[in-house]
Amino acid sequence: MKRYRELIGRYHESLHGACLCTGFLLLADSFWDLNWPSLLLTVCAILFCFLLHYAVQKEAVIPAGLLLVILHFGVLLFFHFTHRDPQLFLPFLAMETACIAASVYCYFAVRRLYLALPLLAAELACLIYYGVEGIPLSKWTICLVFFCCMLFLAEAAGRKKGVGKQDVFFLAPLFLASLLLLSLLPVKDTPIRWERIRNAADAVQEKAAALIVSLDYLFSGTSGTYSLAHTGYSSKGNLGGSLVQSNKAQISVAGDRTKSPLYLKGTVYDTYTGTSWEQGPLSPKNGTREYREQYRQINEALTTSGLTDEEIRSLTHLCTVEIKFEGLKTKSLFHAPNTWRFHLPDALEPDTFGGTILLPKAKGVGFTYEVQFLEINYESDDFRKLLTEAPASHSDRSCTSLPEDLPLRVYDLAKEITRGCGTPYEELEAIRTYLSSYQYTTTVDSPEEGRDFADVFLFDTKTGYCTSFATAMAILGRCRSIPTRYVEGFATDRTCDTENTQIHLGGSSAHAWAEAYLEPIGWVPFDPTPGYSSDTASGWEEHAPEDSSSPSSPGTPGSMDGSPAQNREEDTPADEPRTAAGLYKGFLRTLLKLLPIFILLAAACVLGTVVLLFRKFMRHRAYASMDDYQKILFLMDKLFRLGKLSNLPFQEGETLLEYEEKAAGALDAPDAALTDLFRIFRQIRYGGQKASPETVLYMEAYIRSLEKQYINNCSRTGRMLYRLR
């Protein structure tokens, strides 16, 4: 028993820190799918905790750190001279970095309960999250977390009763045995549903998202209409510039299965300035509703077309979808082409401004409505029968206007592309086919000042993303006197695969395309962006979209919501050459994987700093509220702590006189002796002398001098630990 007590007295902090560190790292490994070997992670965590405690006790933290750096440098040299791939070492280096950072924090946490509290709270929150989401987790990890929690509670209770950490740690075998017994008991096959916690968490998450979106809308300074700036595009209003991707969910759709990709118009622009698209005056146009007028035109064209009922059914498809705002706040009412009815809550009446439909007031997270629209198979022969060969005419001249300084070579290119075409529809199809051969990229330089954006794209760069292709499509169409306009919104082909399934659309589904006015149908969408154009140009019978459940960048070539090419770029090739660029990319990928751990540790450090500052503030406040006698008792207690740090602890049963004789000389200040301080204290404590402010000031000066003397004589590690007390 005596040997066990000595062992616990020497290693109880190391054991406690190792348990804390191991539990934290195992949860982090499972949470972020780091795929670190559990056994190796446990061994490393325990090893580094014990090494850190040993280095601190021997005041050799800096030499130990230098030795560790030299060891790693030697390993890298070994990999270099043996022509091995250094990337094989990077996962172990990442795991080692995490172990060192966690062991340092846990070293301080086992010495200070207020530092262990946020760590344990985070671990318990993680366990609850795992239970709610049904994520599997090893029962031994759960036991380890609860073991640390039980030790924390026992230590907190023991501190109030004056029981030391060493004595509390004698309960560790009992805690461990009870948890092991519970883990071996049989459990039910059906897991706990946590319905109330799920509902509460969902409600809190939705309210928090709504608040963030509302604040973003409040400080954005926008007019309330939707633009691609909400989903990661440049918010300066000008065309061009690299695309900043954001996959945060903006809206969700659910409803009928569509036969073609779903396009949801947010904002329609009709005025091209050469560098940007602008809306005309936001005033209702003669009180008409464009979407109803277009639906009337379609019905009239179908009635007078001479098509049979079977041909009309194969040409059209009536759909209903429910749209819900999830990550934005806007006045724009998203709707599909050929929309004929809205089902809005609270009897809202939207205003129509050309192709843009706006709500009276901006709506945010949770706003839900239904849209009914008519799908048309634009690639069928029956659709071509509906179109007239006469040039299209539209009352809004802004849909055909072009900048006066538009280079003539743009007109010449449009004429060259459409040579031999007999109808406006054939001309637009020729333009779309021509643009689809251009290269898609999200990295685009802004055009030089004074240059026309469409001209630069068509003749100089020939690369861009959806805004570039849609702009070029609209401008080339106008060069052939066809009314066109530019549209921003969302596009997805996942509605072709599912029915009544909620589909989340974010920055990966934000898109821009063009619309052209064709008699007698009205506005018809044309999308020349590579990857989109192939989907929209295929008939319903031919359209068989691939699974695109994993979103990618807006308008990524290959599919509407995901690109196999991009996925291949994101994967790490097994045979990547060992070049400097390859090593650099591998190192960056490793850093990105470690980034969540670094963020979590940084947040824990910030929280610990806040707790320390608050604790210091409360101590100063409590000290200021004491009377003179209480302040003297507090200062004497501080003196005994300094004596303990100087290897002169106040033993149990020891008298003040005995301690004075033992510590005399060692705890003397430069300007005063310890015997003088003890004489003053005895007169106040036992002689009936009243404590005075002068006595308090004298003792404060003595303690400050003693603290300065201790700090100057101890190591850097000792100074840091003392300042954290």
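A salt bridge here is a side-chain nitrogen of Lys or Arg within 4 Å of a carboxyl oxygen of Asp or Glu. The legends below describe a predicted model.

**Figure 1. R313 and E310 form a salt bridge in helix α11.** The closest approach, N to O, is 3.0 Å. Both residues sit in helix α11, which spans residues 309–315. They are three residues apart, so about one helical turn separates them. R313 is exposed, and E310 is exposed too.

**Figure 2. K265 and E515 form a salt bridge between two strands.** The closest N and O atoms are 3.0 Å apart. K265 belongs to strand β2 and E515 to strand β15, so the pair ties together parts that are 250 residues apart in sequence. K265 counts as buried, at 6% relative accessibility. E515 is buried as well, at 1%.

**Figure 3. Strand β13 pairs with β2 and with β15.** Strand β13 covers residues 484–492, and nine of its nine residues are buried. Strand β2 (residues 262–269) pairs with β13 in the antiparallel sense, over seven bridges. Strand β15 (residues 510–518) also pairs with β13 in the antiparallel sense, again over seven bridges. F490 of β13 has a partner in each neighbour. L264 stands opposite F490. In β15, the bridge partner of F490 is A510.

**Figure 4. D460 and R409 form a salt bridge between two helices.** Their side chains meet at 3.9 Å, N to O. D460 lies in helix α15 (residues 453–461) and R409 in helix α13 (residues 408–417). The pair links distant parts of the chain, 51 residues apart. D460 is partly exposed, with a relative accessible area of 42%. R409 is also partly exposed, at 35%.

**Figure 5. E379, D381, R384, E429 and R432 are linked in a salt-bridge network.** A search of the whole structure finds 21 salt bridges.

**Figure 6. E326 is buried without a salt bridge.** This residue is found in the loop between β5 (316–325) and β6 (330–332). The nearest side chain of opposite charge belongs to K324, 5.2 Å away. That distance is over the cut-off, because a salt bridge needs the atoms within 4 Å. The E326 side chain does make a polar contact with the side chain of S252, at 3.1 Å. Leaving out residues up to four places away in sequence, E326 touches A249, Q250, I251, S252, V365, Q502 and H504.

**Figure 7. E123 is buried in helix α5.** Helix α5 runs over residues 113–133. The relative accessibility of E123 is 2%. Beyond residues up to four places away in sequence, E123 touches L20, G23, F24, L27 and V145.

**Figure 8. C44 and C99 do not form a disulfide.** The sulfur of C44 is 5.0 Å from that of C99, the closest cysteine sulfur. This is too far for a bond, because a disulfide needs the sulfur atoms within 2.5 Å. C44 is buried, with a relative accessible area of 15%. Another cysteine, C126, is buried at 12%. The structure holds zero disulfides.

**Figure 9. The whole chain gives the setting for the close-ups.** The chain has 24 helices and 16 strands. Of its 725 residues, 46% are buried. Among contacts between residues at least 6 apart in sequence, 77% join residues at least 24 apart.

Methods: Residues are numbered from 1 along each chain as its sequence is written. This is a predicted model: local features need pLDDT of at least 70, side-chain atom pairs count only at pLDDT 80 or more; totals for chains, interfaces and linings use all residues. Side-chain values use heavy atoms; hydrogens and water are left out. Helices (H or I, at least four residues) and strands (E, at least two) are DSSP runs, numbered from the N terminus. Buried means under 20% relative accessible area, exposed over 50%, partly exposed in between (1.4 Å probe, protein chains only). Lys and Arg count as positive and Asp and Glu as negative; His and the chain ends are not counted. A polar contact is a pair of N or O atoms within 3.5 Å; within protein, one must be able to donate a hydrogen and the other to accept it, and residues adjacent in sequence count only if both atoms are side-chain atoms. Contact means heavy atoms within 4.5 Å. Two strands pair if DSSP finds at least two bridges between them.
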